[in-house]
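Subject: Structure handover

Hello,

Here is the structure for you to look over. My notes on it follow below.

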Amino acid sequence: MQQWLVKIAYDTRSGPKRTTETIYMPSEADVRNAVRERGGHVLSIRPHTRTQIERLLARSSWWQVQLLRGIMFRSTSTSPGVALWKIIEAETNPTRQNILAPAREALVQGLGLMDALKALNIFDRSILAIISASERSGKLMEGIPYAINAITQKRKNTQAIMGTMGWLAFDVFSIVTSLAAGKDLVLGWFKDNAPKGGEELEQYIRVTGNLALTWDILIWTAYGFGAFMAWCIFSFFMNKGKKDWPTARVVRKIPMISGYLRDLSFADSMNAASRMLRSNVPIGDTLKQSGEAASSPDVAAYWEAANEQLSRGVGLGSALDRDPLNRSERLELASLSDLSQVATIMESIAEIRGQSARVKHKLIIWVAFLLTGVYLAIGFGSAIYALTVMNMSMDSMMGGLMGGVE
């Protein structure tokens, strides 16, 4: 489904009348057929796109929480779809009206709450899976607070990551600017205090050349790392809600970060699965929705493979007993004898994976600080080493100072 901006001409008694409308349909051909049935003529048609400000606001966890709370409060006296419609009708901010336009079009066509929320393209798959399971089981009022809690937890994880990245970025920026600003000054000082000739001059040329090369490598490495980090942050924010994209595939190849993201994905999808099972959602639908909720392709493939095995008549424990679960998790699932135990075991796995993700997060922080310290040590240590190797005498330094005074 796609939102389209369509310029339409209608024949009226006073002559042709032009208007611009938003239509939510699968394809351009469907839009043209719908306009033709209404007696209009399509002048132009293009997919609806959001501005950058709308993208930033739509992906705000605070605004997502407010939207879900509004649906929850209004659902006490009406259906969830009508509750969302009232929120859209009550919105007066033009920017938010434009963000909510796809949901409005979906509701106008008679689609349900889940179709409208998916049309917004602002929620993560795990959040949509929780809401979908709650709606199908008739317990939306219980599911929305759980979805809000999941959004809040994701925000805390994101804030922790962003805080770490921001601190490290500031640290590296300070070091790089110091190296870039001091490079010419230090090398110039070495040049002014160079030996007059002989082996010492050859040694000077070699050492200062190596020092300049080392600092150039450090500075450009930091520039490259900073650009990559900024691109990753921008890409992850702009592609929020998507299942996979090139930047995510690159990041998942980084050893520790790949394990961290996999643990987070398992924790989210296992929590969503346990919630669906406790809401009496059929096991097949639960596995399918959990696969859609997973942000990591490895975890999504796990749920899809389990669902396929289950559809072939394999026992639930055996279907779930597969990689990338670790040995202890697989032993728990393999010993299943009752469906009522599945939700409890999944909650246990989600808690373990969540704890593992927190441990990996701390490890990533310490490794990053260690690498920053190594970077700093190389930068300033190389200058000290250059001074030591060149073996400058106090007389030459005093001579340089006295020459500067004159």
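D263 and R353 form a salt bridge, with the closest N and O atoms 2.7 Å apart. This is a predicted model, so please read every value here as computed from it. The D263–R353 pair links distant parts of the chain. D263 sits in helix α11 and R353 in helix α16, 90 residues apart. Both D263 and R353 are buried.

D263 has another partner. K360 also forms a salt bridge with D263, at 2.9 Å between the closest N and O atoms. Again the pair links distant parts of the chain: K360 is in helix α16, D263 in helix α11, and their positions lie 97 residues apart in sequence. How exposed are the two ends? D263 counts as buried because its relative accessible area, 3%, falls under 20%. K360 has 27%, so it counts as partly exposed.

These pairs belong to a wider set. D263, E329, R353 and K360 are linked in a network of salt bridges. The count for the model comes to nine salt bridges. Side chains of opposite charge can pair when their charged atoms come close.

One of the salt bridges joins R312 and E308, whose side chains meet at 2.6 Å, N to O. R312 is exposed, because its relative accessibility of 60% is over 50%. E308 is at 40%, so it counts as partly exposed.

Back to helix α11, which spans residues 255-278 and also holds S265. Is S265 buried or exposed? S265 is buried, because its relative accessible area is just 1%. Leaving out residues up to four places away in sequence, S265 touches A294, S295, S296 and V299.

Now the nonpolar cores. The largest has 36 residues. Those with the most contacts inside it are L67, L68, I71, L84, L117, F123 and I131. Seven elements are worth selecting here, as each gives two or more residues to this core: α3, α4 (80-90), α5 (94-108), α6 (113-120), α7 (125-136), α8 and α11. L68 touches F123, I131, I144, A147, I148 and I151, not counting residues up to four places away in sequence. Apart from this core lies another, of 24 residues, among them F266, A306, L333 and L336. In soluble globular proteins, nonpolar side chains tend to be buried together.

Helix α3 (residues 61-74) also contains M72. M72 counts as buried because its relative accessibility is 14%, under the 20% limit. Which residues does M72 touch, not counting those up to four places away in sequence? They are M141, I144 and P145. M72 and L140 are 68 residues apart in sequence, yet 7.9 Å apart in space, C-alpha to C-alpha.

On to the surface. W167, F170, W366 and F369 form a nonpolar patch there. Together they have about 520 Å² of accessible area. The elements that give two or more residues to the patch are α8 (140-192) and α16 (340-390). W167 has its place in helix α8. At 48% relative accessibility, W167 counts as partly exposed, because that value lies between 20% and 50%.

Helix α1 (residues 28-37) has a buried side. V31, A34 and V35 are buried in it. These residues cover an arc of only 95 degrees around the axis, so they lie on the same side of α1. The face turned away from that buried side carries the exposed residues R36 and E37. Just after α1, G39 takes a positive phi of about 85 degrees.

Last, the chain as a whole. It has 17 helices and three strands. Of its 406 residues, 40% count as buried. Its accessible surface comes to about 22,100 Å², and carbon and sulfur atoms account for 58% of that. Among contacts between residues at least 6 apart in sequence, 63% join residues at least 24 apart.

Best wishes

Terms used: Residues are numbered from 1 along each chain as its sequence is written. This is a predicted model: local features need pLDDT of at least 70, side-chain atom pairs count only at pLDDT 80 or more; totals for chains, interfaces and linings use all residues. Side-chain values use heavy atoms; hydrogens and water are left out. Helices (H or I, at least four residues) and strands (E, at least two) are DSSP runs, numbered from the N terminus. Buried means under 20% relative accessible area, exposed over 50%, partly exposed in between (1.4 Å probe, protein chains only). Contact means heavy atoms within 4.5 Å. Accessible areas come from the Shrake-Rupley method with a 1.4 Å probe; for residues, only the protein chains shown count as cover. Patches are made of residues with over 30% relative accessible area and no salt bridge: like charges are joined within 9 Å, nonpolar side chains (Val, Leu, Ile, Met, Phe, Trp, Tyr) within 5 Å. A salt bridge is a side-chain nitrogen of Lys or Arg within 4 Å of a carboxyl oxygen of Asp or Glu. The arc is that of the directions from the helix axis to the C-beta atoms. A nonpolar core is a set of buried Ala, Val, Leu, Ile, Met, Phe, Trp, Tyr and Cys residues joined through side-chain atoms within 4.5 Å.
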